[in-house]
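Have a look at the model below and turn it around a few times before reading on. We'll walk through it piece by piece.

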Amino acid sequence: MSHVTNKQLMNRLKRAHGHLATIISMIEDNRDALETAQQLQAVVSALEKAKTYLVTHHIEHHLEAA
């Protein structure tokens with residue numbers, strides 16, 4: 001994986017990490033369940049995008065050679 005690609009993937013994972021930290025704080029502060037669920041969806045979405053990015057990169061750069 002190239003340096004640029006690794007940086008892009010890490011940015012996506014850090015975004016998910018930030019959302020997750022927010023969720024933990026929200027639960028500790030007994031925040032509204034709907035707001036918390038929205039943040040949970042943001043984590044799921046960020047992880048899905050990271051996974052898609054990783055798999056797509058693998059297919060484009062590693063399976064083509066095979």
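In which helix does L9 lie? L9 belongs to helix α1, and keep in mind throughout that this is a predicted model. L9 has a relative accessible area of 10%, and therefore counts as buried, the cut-off being under 20%. Now look across to A50: the C-alpha atoms of L9 and A50 are separated by 6.0 Å, even though the two residues sit 41 residues apart along the chain.

Let's step back to the overall fold. The protein chain has two helices and zero strands. Helix α1 covers 3-28, and helix α2 takes in residues 33-63. Of the 66 residues in the protein chain, 15% count as buried. How are the contacts spread along the sequence? If you take contacts between residues at least 6 apart in sequence, 58% of them join residues at least 24 apart. As for the surface, the protein chain exposes about 5100 Å², and carbon and sulfur atoms supply 58% of that area.

Next, the loop. N30 is placed in the loop between α1 and α2. Check its backbone: N30 isn't a glycine, yet it has a positive phi of about 55 degrees. Is N30 buried or exposed? With a relative accessible area of 70%, N30 is exposed, because the cut-off for that class is over 50%.

Moving on from the loop, find T36, which lies in helix α2. T36 has 9% relative accessibility, so it counts as buried. Which residues does T36 touch, once its neighbours within four places in sequence are left aside? The list is I23, M26, I27 and R31. Of these, R31 deserves another look, since R31 turns up again in the charged pairs.

How many salt bridges does the structure hold? There are two salt bridges. In general, side chains of opposite charge can pair when their charged atoms come close. One of the pairs is R31 with E35, where the closest N and O atoms are 2.7 Å apart. That distance qualifies because a salt bridge needs the nitrogen and the carboxyl oxygen within 4 Å. Both partners reach the surface in part: R31 is partly exposed at a relative accessible area of 43%, and E35 counts as partly exposed at 32%. So R31 plays two parts here, being in contact with the buried T36 and forming a salt bridge with E35.

The other pair is E48 with K51, with the closest N and O atoms 3.5 Å apart. Why can these two side chains find each other along the helix? E48 and K51 are three residues apart in helix α2, which means that about one helical turn separates them. E48 is partly exposed, with a relative accessible area of 40%, and K51 is partly exposed too, at 48%.

Finally, follow helix α2 towards L63, which lies in that helix. L63 counts as partly exposed at 48% relative accessibility. Which residues join L63 in a nonpolar surface patch? Its partners are L54, V55 and I59, and the patch made by these residues with L63 is about 330 Å².

Methods: Residues are numbered from 1 along each chain as its sequence is written. This is a predicted model: local features need pLDDT of at least 70, side-chain atom pairs count only at pLDDT 80 or more; totals for chains, interfaces and linings use all residues. Side-chain values use heavy atoms; hydrogens and water are left out. A salt bridge is a side-chain nitrogen of Lys or Arg within 4 Å of a carboxyl oxygen of Asp or Glu. Buried means under 20% relative accessible area, exposed over 50%, partly exposed in between (1.4 Å probe, protein chains only). Helices (H or I, at least four residues) and strands (E, at least two) are DSSP runs, numbered from the N terminus. Patches are made of residues with over 30% relative accessible area and no salt bridge: like charges are joined within 9 Å, nonpolar side chains (Val, Leu, Ile, Met, Phe, Trp, Tyr) within 5 Å. Accessible areas come from the Shrake-Rupley method with a 1.4 Å probe; for residues, only the protein chains shown count as cover. Contact means heavy atoms within 4.5 Å.
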